[in-house]
2 protein chains.
Amino acid sequence: MPDAPSKPSLRLSQFLPYRLSVLSNTVSRNIADLYDREFGISIWQWRVMAVLGENSGITATEIGQVTAMDKVAVSRAVSGLLDSGHIARRASKEDARRAILTLTAKGKEVYDQIVPIALGAERDLVESLSPDEQAQLAALMEKLARAAEPDRPLW
Amino acid sequence: MPDAPSKPSLRLSQFLPYRLSVLSNTVSRNIADLYDREFGISIWQWRVMAVLGENSGITATEIGQVTAMDKVAVSRAVSGLLDSGHIARRASKEDARRAILTLTAKGKEVYDQIVPIALGAERDLVESLSPDEQAQLAALMEKLARAAEPDRPLW
DNA sequence: ATAATATAGTTTCATATGTAACTAATTTGC
DNA sequence: GCAAATTAGTTACATATGAAACTATATTAT
């Protein structure tokens, strides 16, 4: 007699979305603590600074596009960074709705300090992987990202 | 003349913690919408139900250990599921502080409906990967999880 | 030129989440 | 046997987050 169709089962600890979520939250919490302890900067604020560090003089909307943050999150992060003097804002000449954002001298200093810390945290995470495995990981994540969000921009 | 040491640079879109976070949030949001639309159940509530579905009659603390939720999150999820009648609670005979949790008939019904939906969502995510790649992914995630949280329990 | 529509960014409000304080029951050390 | 320390779970409070409403400017259509 053929086997009865076995009831599909779900073991949470083997369920990819669950594992992804736990892993990501652990990693993010570790890193957030790092930035916060040393510099009083949140993950969202750091994302804004990271984009400005590479690409100064862009607007909040553009930052949102690059960082996958919604405009409210960007607005709040920007507001905090203005208060703390890490970034500066000036109105765009062409369009008064837009605000051009740049790192201040203080912001650049902090940026230059955080970059190696961030890269170090990433290295700690992947150093147990061989270069081959690291490449696999990048490729797999790219595929998953596309599957999760089909209309995602390609970078 | 040898090259000057190049300043370490960080491209956010290539930074693993960032990519993990964006991917995980996208996947979680998709799934949360699914459970919520059809059953009015949050991700946290689903995690509790998922554990009880495999392993009935355990306590909130044990659920917390298995699901990587803190006790407050478990308490809130349990409270919601009691209200909605998906789970039931009785005091433990041996230790009156402990509460034994089980799925109700209604809870089992919903559980049996959600399992295939969850597995389907997982399949949608990984179906673009070959079986080999799926195995690689699982192995890589396991290594990363261990690197991120060295004292993590092994399952 | 002007009314209607769209866009950039902020504010408001309702809800989610994390930390710490709390209650009640149990275990430990003496 | 009892005070002190632990443990299970809940509640309270402060902060974070997301959705929708809002303000100001710019663009489009007539």
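What follows is a chat about a predicted model of two protein chains and two DNA strands.

Reader: Where should I start? How many residues of chain A are in contact with chain B?

Author: In this predicted model, 57 residues of chain A are in contact with 57 residues of chain B.

Reader: And what area is buried between them?

Author: About 5500 Å² is buried between chain A and chain B. Carbon and sulfur atoms give 68% of that area.

Reader: Which three residues of chain A supply more of it than any other three?

Author: Leu10(A), Arg19(A) and Leu140(A). Together they supply 11% of the area that chain A buries against chain B.

Reader: How many salt bridges are there between chain A and chain B?

Author: The count between these two chains is six. Over all chains, the structure holds 12 salt bridges.

Reader: Give me one. What does Arg11(A) meet in a salt bridge?

Author: The side chain of Arg11(A) meets that of Glu54(B), at 3.2 Å from N to O. Arg11(A) lies in the segment before helix 1 of chain A, and Glu54(B) lies in helix 2 (residues 43-54) of chain B, so the pair joins two chains.

Reader: Another one, please. What does Lys143(A) pair with?

Author: Lys143(A) forms a salt bridge with Glu133(B), and the closest N and O atoms are 3.2 Å apart.

Reader: What about polar contacts across the interface, how many residue pairs?

Author: There are 14 residue pairs in polar contact across the interface of chain A and chain B.

Reader: Which helices of chain A each supply at least two residues to the side that touches chain B?

Author: Helix 1 (16-39), helix 2 (43-54), helix 3 (60-67), helix 5 (105-126) and helix 6 (131-148) each do. The largest share, 15 residues, comes from helix 1 of chain A.

Reader: And by class, what is on that side of chain A?

Author: The side of chain A that touches chain B has 34 nonpolar, 11 polar and 12 charged residues.

Reader: Next, symmetry. What turn lays chain A on chain B?

Author: A turn of 180° with a shift of 0.0 Å along the axis does it, and the RMSD is 0.0 Å. That is the relation of a two-fold axis.

Reader: Which C-alpha of chain A is nearest the axis?

Author: The C-alpha of Ser24(A), 3.3 Å from the axis. The same surface serves both copies, as 100% of the contact residues of chain A recur in chain B.

Reader: On to the DNA. How many residues surround DNA strand C?

Author: DNA strand C is surrounded by 19 residues, and the closest are Thr61(A), Ser75(A), Arg89(A), Arg97(A) and Arg76(B).

Reader: What part of the DNA strand C atoms within 4 Å of the protein is sugar or phosphate?

Author: Of those atoms, 54% belong to sugar or phosphate, and the rest belong to bases.

Reader: What lies 2.7 Å from a phosphate oxygen of DNA strand C?

Author: A polar side-chain atom of Ser75(A). A polar backbone atom of Ala99(A) is 3.0 Å from a phosphate oxygen of DNA strand C. From chain B, an N or O atom in the side chain of Trp44(B) is 3.2 Å from a phosphate oxygen of this strand.

Reader: Which elements give two or more residues to the surface near DNA strand C?

Author: Helix 3 and helix 4 of chain A, together with helix 4 of chain B. The largest share, four residues, comes from helix 4 of chain A.

Reader: What classes of residue does that surface have?

Author: The surface near DNA strand C has six nonpolar, three polar and 10 charged residues.

Reader: Now DNA strand D. Which residues are closest?

Author: The closest are Arg76(A), Thr61(B), Ser75(B), Arg89(B) and Arg97(B), out of 19 residues that surround DNA strand D.

Reader: How far is Arg89(B) from a phosphate oxygen of DNA strand D?

Author: An N or O atom in the side chain of Arg89(B) is 2.4 Å from a phosphate oxygen of DNA strand D. Backbone atoms take part too: a polar one of Ala96(A) is 2.7 Å from a phosphate oxygen of this strand, and a backbone N or O atom of Ala99(B) lies 3.1 Å from one.

Reader: Which helix gives the largest share of the surface near DNA strand D?

Author: Helix 4 of chain B, with four residues.

Notes
Residues are numbered from 1 along each chain as its sequence is written. Chains are lettered from A and ligands numbered from 1 in the order in which they are written. This is a predicted model: local features need pLDDT of at least 70, side-chain atom pairs count only at pLDDT 80 or more; totals for chains, interfaces and linings use all residues. Side-chain values use heavy atoms; hydrogens and water are left out. Contact means heavy atoms within 4.5 Å. Buried area is the accessible area (1.4 Å probe) that two parts lose on being put together, summed over both. A salt bridge is a side-chain nitrogen of Lys or Arg within 4 Å of a carboxyl oxygen of Asp or Glu. A polar contact is a pair of N or O atoms within 3.5 Å; within protein, one must be able to donate a hydrogen and the other to accept it, and residues adjacent in sequence count only if both atoms are side-chain atoms. Ala, Val, Leu, Ile, Met, Phe, Trp, Tyr, Cys and Pro count as nonpolar, Asp, Glu, Lys and Arg as charged, and the others, Gly among them, as polar. A residue is near a molecule or strand if one of its heavy atoms lies within 4 Å of it. Copies are superposed by least squares on the C-alpha atoms of residues with pLDDT of at least 70 in both.
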